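This report covers strand pairing, nonpolar cores and cavities in one protein chain. The sequence and the coordinates come before the text.

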Amino acid sequence: MKRMTKRALRRAAARVVSRTHFRAWLTPGSRRKRITPFSPEADIPFAAHVLPPNLARPITDLPDDEVEDGLITLSGYNNGFTVRLGALDDLMPDGYMDSDTFELTIFAEVYTLRLGDDPPDIIEFEVPAKFFGPVEFDHNSFDMTWLVKYGGSSASGLPAKLTIDTIRPSPGGAFLAALIFDDDIIKNGITSKTFAGADYIEATLPGYTGEKAADWIRPYVNKVMDTDPTHFAVVPYGNSSEVITLRFYRGFIEAQGDGEWDFQCDVMPREENPSPLSRSMLIRVSLEDAIDDLDEPAVPAYDDDPVGSQIIDEADARALVVVQIPSHPDITDRDSIEILFGDDTVTDHVRVENPDLIEISVEYAAVLAAWLVGNEDADDVTVAVDVAYNVISEEGNVRGKSAPHRVEINLHVAGGIIDPDPGTEPNENLIELETRSASDMPNRIPISDREEDATAKVPKLSRMDDGSDGFRPAFKAGDVIKIIARAGVDPEDFVLATYPVVEADLTPPDGELDIVLPWAELEKLPGGTIPFAYWIDTALAGGGTNTNKSPPTNVIIEDASALPGGGTLPAVIMPERGDRSSGPDVVPLGHIVNGVAIGFPVDIENFDPDTDTITLSIPMYAAGHKGGEAPVAGYGDVVGQNQFVLTPPHVVREAESGEVAEPVSGEPEYATRPPITARHILFRLTPDRLPELHGTTFYHSHVVWTIENSVGKGTSPTDVVDAMKVTFETRGTVTPPAASTGSHLETTAAAEGRGEADPHHDLAWILRRLRKMLS
């Protein structure tokens with residue numbers, strides 16, 4: 001139908017007036033005719049009104065200063081409706097005559113009723129169907145007035161409105177948009193968890209064409225409407241919201257059973273001309289295996305504290321907060337559990353292994369995050385948190401959410417310094433301390449400073465921004481600082497010093513606080529690299545103490561136990577010493593001309609071939625040396641003469657077996673040497689490092705070697721009695737070697753040692769051996 005304009009309405013009204021007026025049907029009834037003439041002093045205080053069920057439901061939130069619109073239902077307009085003025089005795093209390101006439105006017109439509117001989121008790125008019133004709137109305141309002149004519153006079157009743165609306169919401173084939181649900185509902189469907197303690201879920205509907213005050217938005221699941229009017233959304237008067245919120249109640253959803261269902265709505269306006277159903281939103285419902293009577297969990301870190309001082313503090317949170325799940329007959333080993341702090345899920349899904357004993361640990365980071373909600377500055381505040389759990393089926397549906405168990409958390413530490421990496425034990429916002437030995441060596445206590453106190457220098461500021469282009473203080477007056485060493489001693493966290501902070505320590509506010517580390521405590525630590533840290537104990541306003549722990553600083557404590565070989569090395573290995581029955585400490589001339597093989601044993605405590613330096617001393621003394629003489633000139637214990645420094649990394653050779661071929665030899669008798677029967681680093685003393693060959697004298701030496709690591713040196717025996725004595729038999733004549741094996745200057749010693757790693761890979765040597773064999 002074509003919608004009527006105001007001009008068209010006026011033309012239609014003129015045509016209607018020219019037609020014969022419909023006479024209202026009179027309500028049957030008999031009464032005695034009054035003869036007292038009617039003489040009202042003023043207009044009659046009654047208004048015409050449409051009778052139910054054709055009068056639309058009212059706008060319940062209509063402001064007091066607004067006039068009711070008198071909207072009629074669509075069926076009333078299409079089928080006709082009744083307009084009542086009131087009881088005749090109320091309208092004309094002073095009497096009436098059979099010639100008195102009532103007239104009802106709706107816009108230009110006039111309806112008359114003459115009382116006649118048998119006047120009705122109630123004055124009503126029956127308005128015919130579609131009395132304005134086959135036109136459409138979009139909430140068009142008309143004046144509805146009435147009067148009574150008597151004799152040559154008339155009196156008017158109160159005016160009223162009559163409104164007609166024949167256009168449904170979202171007309172012309174348009175559809176309501178699909179309802180908008182939370183992303184979690186779209187992704188995971190509707191489970192017990194979805195309701196979050198409520199008995200409904202909410203969706204929103206964007207605005208729609210024809211939206212009017214008091215429209216009902218009605219929910220549908222699987223094309224079935226929830227008929228409870230209290231579950232309908234109602235458009236408020238003067239609605240300015242862009243969306244309308246609609247609730248789907250759990251009982252109604254459950255009544256449709258589990259499955260994938262269409263969730264929709266329609267609009268039922270006051271004139272009862274409903275819109276089409278909205279576009280569908282397909283959502284999975286999984287409620288049939290729901291568990292609705294889950295008991296609250298237990299939290300021993302809180303529950304086991306004395307009543308009145310129950311708190312989850314820093315120590316509890318760092319140790320992980322355990323949540324215990326009460327057994328329930330419907331929880332099986334096919335289910336999983338997740339823990340909730342408030343509305344936040346703080347654990348992964350944990351599969352149930354034993355339904356009668358379920359314990360789940362909550363990480364420190366989750367506890368910290370819960371405490372910081374509403375306490376972003378990490379102040380000394382106790383925060384209440386509701387701990388609950390969800391039971392989750394194999395299919396991933398939340399079968400039930402437990403009752404909450406309220407706990408209180410306070411993780412405040414000095415300065416309100418928040419751990420930026422809560423997954424690790426120390427608070428990285430604390431700056432590492434530095435130690436100074438008595439000789440002011442940083443982070444090292446050398447052997448020379450043993451027996452002396454050291455100093456821990458604790459930074460006064462943290463790394464955490466204070467919001468004013470500065471940094472938060474690491475501690476305050478009243479805090480207690482403990483210097484801790486983790487050295488594997490008993491206890492593991494060994495307290496070296498305890499220092500109560502006073503106000504004077506805070507001036508100036510930056511820099512470092514010096515804390516003495518007594519030697520009496522330091523000497524209890526083993527040698528080596530030991531992590532030092534500082535712990536700050538802060539008293540809480542509500543009772544108890546929280547401890548903030550700094551990242552560690554590695555401090556080297558030198559003592560003999562950390563030196564290579566515990567400070568004392570075994571002698572080097574010289575397989576040619578005593579070979580060929582030359583005497584127990586004699587190296588024969590045939591081996592000397594080939595270069596004397598020396599092995600440094602590798603399997604020595606605190607020795608790392610990749611990082612530690614080896615020094616070898618082989619000073620040469622003339623025959624008859626008894627300990628007081630000087631070495632032969634040019635062959636003393638000096639770098640560049642007969643002291644050799646081998647820098648890392650070193651090539652480690654495995655233990656040898658059987659006779660080992662020499663690289664070069666002038667005598668077939670000395671073409672091989674005895675093996676070095678331990679893992680070792682190979683060094684070769686070349687002939688040029690002996691004062692004279694083929695002469696009339698021989699030489700001897702006391703061989704000493706050292707290893708230096710990050711702590712200090714380990715040394716083989718150095719005195720003439722205990723040091724390895726070697727006699728070099730340089731007298732006599734042997735065939736000279738075919739080629740030189742090179743020098744042992746300091747700059748090339750390590751490289752030459754590596755060059756001896758595997759002589760069988762020396763192609764020149766192989767070729768020389770082949771030529772000798774063929775000759």
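The paragraphs below take up the pairing of strands, then the cores, one helix and the cavities. The model is predicted.

**Strand pairing**

β6 (residues 140-150) takes part in several antiparallel pairings. With β3 (residues 101-106) it shares six bridges, and I106 stands opposite M144 of β6. Five bridges join β6 to β8 (residues 160-164), again antiparallel; here N140 has I164 in β8 as its bridge partner. The pairing of β6 with β7 (residues 153-156) is also antiparallel and has four bridges. In that pairing V148 stands opposite A155 of β7. β6 and β7 form a hairpin with two residues between the strands, and G151 in this hairpin takes a positive phi near 55 degrees.

Further along the chain, β24, β26 and β31 form an open antiparallel sheet, in the order β24-β26-β31. β24 (434-436) and β31 (512-517) are its edge strands, each pairing on one side only. From one strand to the next, the twist averages 25 degrees. β24 and β26 (residues 454-459) are joined by three bridges, and E434 has K457 in β26 as its bridge partner. Such pairing in sheets runs through backbone hydrogen bonds, either parallel or antiparallel.

The bridge counts of these antiparallel pairs are listed here.

| Strand pair | Bridges |
|---|---|
| β3 (101-106) and β6 (140-150) | six bridges |
| β6 and β8 (160-164) | five bridges |
| β6 and β7 (153-156) | four bridges |
| β24 and β26 (454-459) | three bridges |

**Nonpolar cores**

The largest nonpolar core has 67 residues, and the members that touch the most others are I339, F341, I481, I483, L525 and F532. Helix α8 (residues 364-372) gives the most to this core, with seven residues. Apart from this core lies another of 34 residues, including I72, M92, V135 and M144. M144 is also the residue of β6 that I106 stands opposite.

Which residues does I483 touch, not counting those up to four places away in sequence? Its contacts are L433, A456, V458, F494, V495, L496, A497, I515, L517, A533 and Y534.

**Helix α8**

Seven of the nine residues of α8 are buried, so that the helix is mostly covered, with buried meaning under 20% relative accessible area. The buried residues are Y364, A366, V367, L368, A370, W371 and L372. Among the elements that cover them are helix α7 and the strands β16 (321-325), β17 (336-341), β20 (358-362), β21 (383-392) and β23 (405-409). Just after the helix, G374 takes a positive phi of about 80 degrees.

**Cavities**

How many cavities of 30 Å³ or more does the structure hold? There are three. The largest has a volume of about 60 Å³. Its lining consists of 15 residues, of which Y364, L411, V413, I417 and I418 are the closest to the centre. Two elements, α7 (314-318) and α8, give two or more residues to this lining. α8 gives the most, with three residues. Y364 is thus named twice: as a buried residue of α8 and as one of the residues closest to the centre of the largest cavity. The helix α8 likewise gives the most both to the largest nonpolar core and to the lining of the largest cavity.

Key. Residues are numbered from 1 along each chain as its sequence is written. This is a predicted model: local features need pLDDT of at least 70, side-chain atom pairs count only at pLDDT 80 or more; totals for chains, interfaces and linings use all residues. Side-chain values use heavy atoms; hydrogens and water are left out. Two strands pair if DSSP finds at least two bridges between them. Axes are lines fitted to C-alpha atoms, for helices over the stretch in contact, and angles run from 0 to 180 degrees between N-to-C directions. A nonpolar core is a set of buried Ala, Val, Leu, Ile, Met, Phe, Trp, Tyr and Cys residues joined through side-chain atoms within 4.5 Å. Buried means under 20% relative accessible area, exposed over 50%, partly exposed in between (1.4 Å probe, protein chains only). Contact means heavy atoms within 4.5 Å. On a 1 Å grid over the protein atoms alone, a cavity is a set of points where a 1.4 Å probe fits but cannot get out, and a pocket is an open set with protein on both sides within 12 Å along at least five of seven lines; lining residues have an atom within 4 Å of a point. Grid points are joined across faces, edges and corners, and a volume is the space filled by probe spheres set on the points.
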